[in-house]
Amino acid sequence: MEPLFNPPLHRQRHQFVVDFVKRNKPPKVLDLGCSECSLMKRLKFHREVHLLVGLDIDGTKVKKKMRALAPVSTDYLQPSYDQLCVELYEGSVTERDARLRGFDLVTSIELIEHLTLADVERFSEVVFGYMTPAAVIVSTPNCEYNPLLPGLRGFRHSDHKFEWSRAEFKSWALKACSEFGYEVEFTGVGQPASGYQESVGFCSQIGVFRRLERGDDSNTLGGDDAEDVFSYKLLYSINYPSLCDNNILRRVLGSEVLYWAEKLKSRWMEKKSGEVNASCAPIETEEEGEEKHTVSQCESGASEDQEEEDEGVRWTRFQRRQDSCTSLRCVSVPLDVLWSCCPRVSTLSGSLGNLRRLLMDDPDVELSQDGDAVLVNCHEQDLEEEEAQDELEDSGYEPASRHHSAAAEQEEDWEASV
């Protein structure tokens with residue numbers, strides 16, 4: 001049946017849910033009958049979802065695919081402020097569990113036709129009356145479409161207990177709305193051939209339920225005084241790394257600070273040794289998906305004179321820190337220089353005071369005694385080059401390149417005078 005549709009029908013059903021999530025941005029989403037977690041694997045990339053939960057009666061099937069919901073390496077290397085917790089449970093949709101109450105969206109994709117009619121009634125009570133989600137998406141086969149499916153005899157799946165017509169689905173949906181305080185909109189996926197839409201409808205019919213705002217909970221089956229029930233077995237739970245976690249924030253911020261402190265140290269040592277001129281080109285950064293920009297341009301639209309002045313002030317502060325640094329084997333990088341030069345450091349920390357506080361407990365970052373600078377160790381090669389430069393200056397000899405330049409100038413003068 002699936003090749004009759006492009007994209008395949010199951011992908012159209014999942015895309016319907018994804019589009020709903022994009023439009024409505026529900027923070028908490030529950031997928032009933034999650035099976036192999038195919039829909040959840042798509043929803044985990046939508047970070048407006050903070051809690052993503054799946055429930056299925058077949059725990060063995062869930063366990064085979066649940067690891068696909070785990071964070072990937074880039075989630076750890078480049079965490080964001082978005083939060084996501086994924087949980088998977090084994091249990092029946094006809095049983096109550098307090099952990100699944102109050103979700104923003106509950107999905108039931110091609111599930112209810114696998115229940116007996118008696119269980120469908122309990123399904124309505126549990127989902128609409130006990131869980132009381134803000135929105136529910138229910139899809140089920142439309143039996144009126146079946147004659148258009150080649151080779152089909154009976155139901156579309158051997159485990160289906162029934163397949164409803166549009167009128168039967170509408171009757172059940174409107175009854176649930178009346179009993180539990182919801183409204184419903186009917187739609188579907190899987191368009192029939194031209195000319196058949198009115199007579200047969202969609203291949204998969206869909207009801208989108210939204211809870212009505214009421215001042216009381218008279219239609220709900222579990223109020224605040226109801227005893228909490230925990231019927232489901234937790235199979236899997238994972239929290240995605242997030243910068244909202246202080247430990248992760250400190251780790252990422254510490255790595256960023258060490259990177260930029262090393263970069264600034266190298267630049268200062270080059271400047272000190274005369275390998276770059278006094279107007280030293282601003283350090284370049286490259287953010288993912290962005291063009292290169294200079295860190296000296298702290299504010300867009302600043303004049304070149306202002307940029308040069310700010311650059312000079314930063315390097316003056318940098319030099320003063322070195323003059324006050326008692327160790328010859330480290331370079332002292334002021335926190336305020338890091339703050340002004342490194343956009344990601346300022347973004348992660350929020351303020352200069354918060355930057356200092358977060359770095360104080362980082363074992364990988366060494367701060368000065370006053371806590372106003374990061375101490376970066378010099379490599380042996382850096383020390384040897386610096387000592388060689390100092391010895392050369394103390395000896396009274398100028399570099400050979402300077403003599404060569406002076407001789408060349410004198411030669412030009414002789415030629416001009418001839």
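Colleague: What makes strand E1 (residues 28–32) and E2 count as paired?

Modeller: Five bridges join E1 to E2, and the two strands run parallel. Pairing asks for at least two bridges, so five is enough for E1 and E2 to count. One example is Leu 32, whose bridge partner in E2 is Leu 55. Bear in mind that this is a predicted model.

Colleague: Why are E6 and E8 called edge strands?

Modeller: Look at the order of the open sheet: its eight strands run E6-E7-E5-E4-E1-E2-E3-E8, with mixed pairing. Strand E6 (182–189) and strand E8 (233–239) each pair on one side only. Neighbouring strands in this sheet are turned by 15° against each other on average, direction ignored.

Colleague: What packs on the sheet, and how is it directed?

Modeller: H1 does, touching strand E4 (105–109), strand E5 (135–141), E6 and strand E7 (204–211). The direction of H1 makes about 20° with that of E7. That is under 35 degrees, so H1 counts as roughly parallel to E7. H5 packs on the sheet too, touching E1, E4, E5, E6 and E7. Its direction makes about 175° with that of E1, which is over 145, so H5 and E1 count as roughly antiparallel.

Colleague: How do you know how H8 is turned against H12?

Modeller: Helix H8 (residues 246–273) and helix H12 (residues 352–360) pack at an angle of about 100°, with axes 10 Å apart. The roughly perpendicular range is 65 to 115 degrees, so H8 is roughly perpendicular to H12. In the contact, Leu 249, Arg 250, Leu 253, Gly 254 and Val 257 of H8 meet Leu 355, Arg 357, Leu 358 and Leu 359 of H12. By class, the residues there are six nonpolar, one polar and two charged. Gly 254 goes with the polar class, because Gly is counted there.

Colleague: What makes a space a cavity and not a pocket?

Modeller: The probe fits in a cavity but cannot get out, whereas a pocket is open. The structure holds one cavity of 30 Å³ or more, and the largest cavity has a volume of about 40 Å³. Its lining is Glu 121, Ser 124, Trp 172, Lys 175, Ala 176 and Glu 179. Helix H5 (117–131) and helix H6 (166–180) each give two or more of those residues, with H6 supplying the largest share, four.

Colleague: Which helix gives the most to the lining of the largest pocket?

Modeller: H1, with four residues. About 1100 Å³ of space lies in that pocket. Among its 38 lining residues, Gly 33, Ser 35, Ile 109, Glu 110 and His 114 are the closest to the centre. The lining divides into 15 nonpolar, eleven polar and twelve charged residues.

Terms used
Residues are numbered from 1 along each chain as its sequence is written. This is a predicted model: local features need pLDDT of at least 70, side-chain atom pairs count only at pLDDT 80 or more; totals for chains, interfaces and linings use all residues. Side-chain values use heavy atoms; hydrogens and water are left out. On a 1 Å grid over the protein atoms alone, a cavity is a set of points where a 1.4 Å probe fits but cannot get out, and a pocket is an open set with protein on both sides within 12 Å along at least five of seven lines; lining residues have an atom within 4 Å of a point. Grid points are joined across faces, edges and corners, and a volume is the space filled by probe spheres set on the points. Axes are lines fitted to C-alpha atoms, for helices over the stretch in contact, and angles run from 0 to 180 degrees between N-to-C directions. Contact means heavy atoms within 4.5 Å.
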